[in-house]
Amino acid sequence: MVARAVYAGTRPRAGAADLFSAVMSDHGYRLPALRVAEARAAQGADTYVYEFTQPSPALDGALGACHMAEIGAVFGNPHDPLTDPSAHPRLSERVRGAWISFARHGRPAGDHLPPWPAYLPGRSVMFLDATAPAVHQDPARSERLLWDGLR
């Protein structure tokens with residue numbers, strides 16, 4: 001099956017449950033977000049995309065970098081069970097700074113972030129984590145292309 005080969009190709013150690021989780025994450029979260037970014041950019045709007053890649057400490061790390069794990073960092077909530085911003089205060093500062101910059105100026109930026117280009121034309125995605133935030137060009141391209149035409 002083509003889909004399994006594509007997803008397994010980027011996750012050589014993943015079992016069936018992990019591959020299923022990756023497909024469902026793309027279906028429910030990543031691909032819809034990219035479609036919105038593409039539609040906004042097609043209308044001339046600068047659009048910024050991020051992927052929060054800091055693994056959650058919840059459930060002894062079993063969730064990985066799950067959906068909504070960034071919310072505690074965005075609001076600096078030290079009691080957030082998914083993020084625990086107190087464990088990575090600089091990450092919370094980075095994320096909050098980027099959100100504040102976006103609210104004020106329409107462009108995310110921060111003292112401890114590399115320049116954050118708009119999503120298109122290069123499909124730029126900012127990866128946010130506690131160690132080294134970085135911009136990646138068209139991450140998971142093979143998976144994204146697999147979904148093209150399945151809108």
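Buried means under 20% relative accessible area, exposed means over 50%, and partly exposed lies in between (1.4 Å probe, protein chains only). This is a predicted model: local features need pLDDT of at least 70, side-chain atom pairs count only at pLDDT 80 or more, and totals for chains, interfaces and linings use all residues. Residues are numbered from 1 along each chain as its sequence is written, and side-chain values use heavy atoms, with hydrogens and water left out.

**Figure 1. The overall fold.** The protein has 5 helices and 3 strands. Helices (H or I, at least four residues) and strands (E, at least two) are DSSP runs, numbered from the N terminus. Along the sequence they follow the pattern α-α-β-α-α-β-β-α. The C-alpha trace spans about 45 × 45 × 20 Å along its principal axes. The radius of gyration is 16 Å, which agrees with the value near 15 Å for a compact globule of 151 residues. That radius is taken over C-alpha atoms, and the globule rule is 2.2 Å times the number of residues to the power 0.38. Of the 151 residues, 33% are buried.

**Figure 2. The three-stranded sheet.** The sheet is open, has 3 strands in the order 1-2-3, and shows mixed pairing. Its edges are strand 1 (49-52) and strand 3 (134-137), and each pairs on one side only. On average, neighbouring strands are turned by 35 degrees against each other, direction ignored. Axes here are lines fitted to C-alpha atoms, for helices over the stretch in contact, and angles run from 0 to 180 degrees between N-to-C directions. Two strands count as paired if DSSP finds at least two bridges between them. In general, strands of a sheet pair through backbone hydrogen bonds, either parallel or antiparallel.

**Figure 3. Strand 1 against strand 2.** These two strands run parallel and are joined by 4 bridges. One partnership to look for sets Val-49 against Val-125 of strand 2.

**Figure 4. The hairpin from strand 2 to strand 3.** Strand 2 (residues 124-128) and strand 3 run antiparallel, again with 4 bridges. A hairpin of 5 residues connects them. Ser-124 stands opposite Gln-137. Met-126 has Val-135 as its bridge partner. Phe-127 is partnered by Ala-134.

**Figure 5. Strand 2 under cover.** Strand 2 is mostly covered, with 5 of its 5 residues buried. Ser-124, Met-126 and Leu-128 point one way. Val-125 and Phe-127 point the other way. Both sets are buried.

**Figure 6. A salt bridge across the sequence.** A salt bridge is a side-chain nitrogen of Lys or Arg within 4 Å of a carboxyl oxygen of Asp or Glu. The whole structure contains 8 of them. In this view Glu-143 pairs with Arg-11, and the closest N and O atoms are 2.7 Å apart. Glu-143 lies in helix 5 (residues 141-147) and Arg-11 in the loop between helix 1 (2-10) and helix 2 (16-42), so the pair ties together parts that are 132 residues apart in sequence. Glu-143 counts as buried because its relative accessibility is 1%. Arg-11 is partly exposed, with a relative accessible area of 27%.

**Figure 7. A salt bridge within helix 2.** Asp-26 and Arg-30 form a salt bridge, with the closest N and O atoms 2.8 Å apart. Both residues lie in helix 2, 4 residues apart, about one turn of the helix. Both are buried.

**Figure 8. A salt-bridge network.** The side chains of Asp-138 and Arg-144 meet in a salt bridge of 2.8 Å, N to O. Asp-138 counts as buried at 14% relative accessibility. Arg-144 also counts as buried, at 5%. Salt bridges with shared partners link Arg-35, Glu-38, Arg-123, Asp-138, Arg-141, Arg-144 and Asp-148 into one network.

**Figure 9. A nonpolar surface patch.** Met-68, Ile-71 and Phe-75 make a nonpolar patch of about 310 Å². Patches are made of residues with over 30% relative accessible area and no salt bridge: like charges are joined within 9 Å, nonpolar side chains (Val, Leu, Ile, Met, Phe, Trp, Tyr) within 5 Å. Accessible areas come from the Shrake-Rupley method with a 1.4 Å probe; for residues, only the protein chains shown count as cover. Ile-71 sits in helix 3 (residues 71-75). With 31% relative accessibility, Ile-71 counts as partly exposed.
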